[in-house]
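Here is the note I promised you. Have a look at the sequence and the model first, and then read on.

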Amino acid sequence: ERIKNMPKKKLSPTPQKVTLGTALRLLNKFPDHKEVITKGIDLNWSKARILNAVKLRRLENQLPAPIKLGKAGAKDSLLFEARILNACCQDPQKTLERVYGKEIRDRVCNTPNIGVKEFLLESARRTGETSFTGHSDVGRLMNYLGRYNKAHVGTDRLSNSTGFSSFDMPNLFARITKITMDEAWLIGGFFAKEMCYKTSQSDFKKTLRFRPSGGEAWEGLDQDGKIKHTSFGDETSYETSLDTKAQMLMINRTIAKNDDFGAIKELLKLMAEGSKMVPDIKLVRRMWQANGAFFSAYAADTVTGGVGSGNDISGGTATLNETSLALAYDLASERNVSKGDINWIDQIGDNWTIVVATAALERTAWDLVNQKEFVSNTASDTKQVRDNYWYKRFAVKRYANLANKTITASAKRDAWFLWPSDPQYAPFAINWLDGVEQPTIETVDAPVDMLGFGVRGYIDVEINDRESQTIVRARPTT
């Protein structure tokens, strides 16, 4: 029907587009490739481009058919995958047992490590191709595997009549990448995930949420016996949003030629570490944001002698010691919130954490909250002993990235924060897309000028300001 509706003359003076007669001749000459030709006509391809597409399809159709796996073949495939994972992961013993069980773990750990060339040759063998040997050209081998996966696995085929292959090298490597990524996230968490309030949303639109200090205490009915209405304004709400960060890892001819899985392991490790750093980098920038709507400079109350206002202490007053800790604690716990006679801060109690950046400051904080008594030698052979008010009152946590000036130039080594230990009252929220807290891993095609394949990972996460009343920042150096 599309051929019938084509004009007998060219659509434009440009000679590339095929005429009705050319289209009919191509269909008669290549009856087995009608879908390729008709798609080319729909897209206004030139005759040369249509012929190239037909040649590529004929080449792909000559490739070996996918191998059908039985139970033994399926187990052999698991062993092959486990050998690759053994060469890539950071803790093979635990990870192999967790993913495949003890039997496969023991077999793999007693087998020589696999190399990149063996990986590629074995991949080709599993497609049914036996012409490649240990002396095969790596470029030709990778080119073949790329064509094979496009023919039998790739999503860019016009027709999937050949079905899916029982072996898919790029997706195999994507699974390996995903497992190593999971391993990295299981081995050690990160500050943002541990200390921030978790939220989730299904799209990238800004979403309205309510601060823990929002709302009012429940009250009795009014004089008419009706329930009083409560309104939630800007001062009781905050917005969450999302951001996408991604990275791509390409396995090219150079890596394959060097036959070094160690390089791939190192790249995967850096990729995993990079993904874990994304939320923390975002959090550090939030913690060091300039004074404004969230952080405000501390101002002493010279009129009534109260604790004062603000949540950002700076200058000499901010140096971590008993006096500055008392000031920060007062600022965090004595705010009056419009909730009738109830102060919601009381629910936090002493459940606070002193967050510091350096080991030296960590020791100072530890001494403040873990020494049962302070002893000062103020005179010769004289000791003064007294109980420590702060003993076991707060936790101490070191967050080294707070001093990382490559993240933000505002970072300070001598600064510290007072932060609720319970994420329910956290000053910042960590927001994930659909609740997915780990990167998504996918395969990608290599660029046209590169032999190889690759994987990419992306994560949808954002750190949002949430509750300014549950954080105090102290900056001796501004």
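The points below go through one sheet and some of the helices.

1. Please keep in mind that this is a predicted model.

2. Let's begin with the sheet. It is open and has 5 strands in the order E5-E14-E10-E6-E9, with mixed pairing. Strand E5 (312–314) and strand E9 (395–398) sit at the edges with a single partner strand each, so one side of each has no neighbour in the sheet. On average, neighbouring strands here are turned by 20° against each other, direction ignored.

3. What is the sense of the pairing between E6 and E9? Strand E6 (residues 352–356) pairs with E9 in the parallel sense, over 4 bridges. Within E9, Arg-398 stands opposite Val-356.

4. A helix also meets this set of strands. Helix H13 (residues 322–333) lies across E5, E6, strand E10 (416–420) and strand E14 (472–475), and runs at about 40° to E10.

5. Turning to helix H1 (residues 20–29), you will find Leu-20, Thr-22, Ala-23, Leu-26 and Leu-27 buried. These residues cover an arc of only 165° around the axis, which puts them on the same side of H1. The face turned away from that buried side carries Arg-25, Asn-28 and Lys-29, which are exposed.

6. Helix H14 (residues 359–370) has 12 residues and reaches 16 Å from its first C-alpha to its last, close to the 16 Å expected at 1.5 Å a residue. Buried in H14 are Leu-361, Ala-365, Leu-368 and Val-369. Seen down the axis, the buried residues of H14 fall within an arc of 85°, so they line one face of the helix. Ala-360 and Arg-363, on the other side of H14, are exposed.

Definitions and conventions: Residues are numbered from 1 along each chain as its sequence is written. This is a predicted model: local features need pLDDT of at least 70, side-chain atom pairs count only at pLDDT 80 or more; totals for chains, interfaces and linings use all residues. Side-chain values use heavy atoms; hydrogens and water are left out. Two strands pair if DSSP finds at least two bridges between them. Helices (H or I, at least four residues) and strands (E, at least two) are DSSP runs, numbered from the N terminus. Axes are lines fitted to C-alpha atoms, for helices over the stretch in contact, and angles run from 0 to 180 degrees between N-to-C directions. Contact means heavy atoms within 4.5 Å. Buried means under 20% relative accessible area, exposed over 50%, partly exposed in between (1.4 Å probe, protein chains only). The arc is that of the directions from the helix axis to the C-beta atoms. The expected span of a helix is 1.5 Å times one less than its number of residues.
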